[in-house]
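Open the structure in your viewer and keep the selection panel at hand. We will go stop by stop.

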Amino acid sequence: MTARIQPSILSADFANFERDFKSISEADGIHVDVMDGHFVPNMTFGLPMVKRMQEISSRPLDIHLMIDNPDHWGPLYAALGVFSVTFHLEACDNPLATAKAIKESGARAGVAIKPGTSVNEIAGIIENFDQILVMSVEPGFGGQSFINGSLERITAVRSLISAKSPDTWLQVDGGIDLGNIAQVARAGADTFVAGSSVFGASDRNQRIRELRDLASEKLSH
Ligand code: DX5
Ligand code: ZN
């Protein structure tokens, strides 16, 4: 299998999304960080901007909701025609109903856990999701360092997925770069978000290829 690389547009130029989307044309998907200033101490954009991104993007959009009340908002993002919508377990009242509503609105459903949330919290619901997102930084900002304890968490989630829901993707987000992506792949991730590493490169498509090659060699399954 080949690793999937999804650049995070949190590191893009917010006045030039169309230009920056074109600069990552070889990405497997584009990771879109939606923040509300409540669930995380930062704010980005909402439905109208993601709607325009969906209209101009040639690559599938992977929406990462760092917002309160994803039960309400998740299906509305899914209805824009995006590829996937991932919400935070910590913010959700009814994860199973929200996953179902996202899927019924036409997108893949994902659930995310922050670094301080126990992996056990998702053990009983994993098979209801197309994607599990293990955060390897505290959500809210790009350019942070990968938290090393995340590797054990990734390995634990991979075990759960292998046992219960082998088709579910394991995505990791935060501080992924050329120096650690191989280790993260070996721990069990198959889908990698990279913001500053991709957007800081002079040739972004080349950086995507480098990251993908390093990860693909080490995929653990
Ligand atoms: C952080 C976001 C990430 C972030 C990743 O809250 O969810 O998607 O943009 O950026 P880097 O790769 O720079 O850590
Ligand atoms: Zn993200």
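The tour covers the ligand site, then one loop residue. Keep in mind that this is a predicted model.

**Stop 1: the ligand.** Select ligand 1. The space it takes is the largest pocket. Now show its surroundings: 20 residues surround ligand 1. The closest are Ser8, Gly140, Asp173, Gly195 and Ser196.

**Stop 2: polar contacts.** Go to Ser8. An N or O atom of the Ser8 side chain sits 2.8 Å from an oxygen atom of ligand 1. Next, pick Asp173. Here a polar side-chain atom is 2.8 Å from a ligand 1 oxygen. Then turn to Gly140, where the backbone makes the approach: one of its N or O atoms is 2.7 Å from an oxygen atom of ligand 1. How much of ligand 1 does the protein bury? Alone, ligand 1 exposes 380 Å², and the protein buries 100% of that.

**Stop 3: the shell.** Colour the shell around ligand 1 by residue class. You should get eight nonpolar, ten polar and two charged residues. Switch to cartoon and select strands E2 (30-35), E3 (61-66) and E8 (191-194); each supplies at least two shell residues. E2 gives the largest share, three residues.

**Stop 4: Asp203.** Select the loop between helix H8 (196-199) and helix H9 (204-218); Asp203 is there. Is Asp203 buried or exposed? Asp203 counts as partly exposed because its relative accessibility is 36%, between the 20% and 50% cut-offs. Its side chain reaches the backbone nitrogen of Gln206 at 3.0 Å. Finally, draw a C-alpha to C-alpha distance from Asp203 to Leu61: 21 Å in space, with their positions 142 residues apart in sequence.

Conventions: Residues numbered from 1 in each chain as written. Chains lettered and ligands numbered in written order. Predicted model: local features only at pLDDT ≥ 70, side-chain atom pairs only at ≥ 80, totals over all residues. Heavy atoms only, no water. Near = heavy atom within 4 Å. Polar contact = N/O pair within 3.5 Å; in protein donor to acceptor, adjacent residues only side chain to side chain. Areas by Shrake-Rupley, 256 points an atom, 1.4 Å probe, with all protein chains shown as cover. 1 Å grid on protein atoms, 1.4 Å probe; cavity = no way out; pocket = protein on both sides within 12 Å on 5 of 7 lines; lining within 4 Å. Sits in = over half its atoms within 2 Å of the grid points. Helix = DSSP H or I, 4+ residues; strand = E, 2+ residues; numbered from the N terminus. Nonpolar A, V, L, I, M, F, W, Y, C, P; charged D, E, K, R; others polar. Buried < 20%, exposed > 50% of the residue type's maximum accessible area, 1.4 Å probe, protein only.
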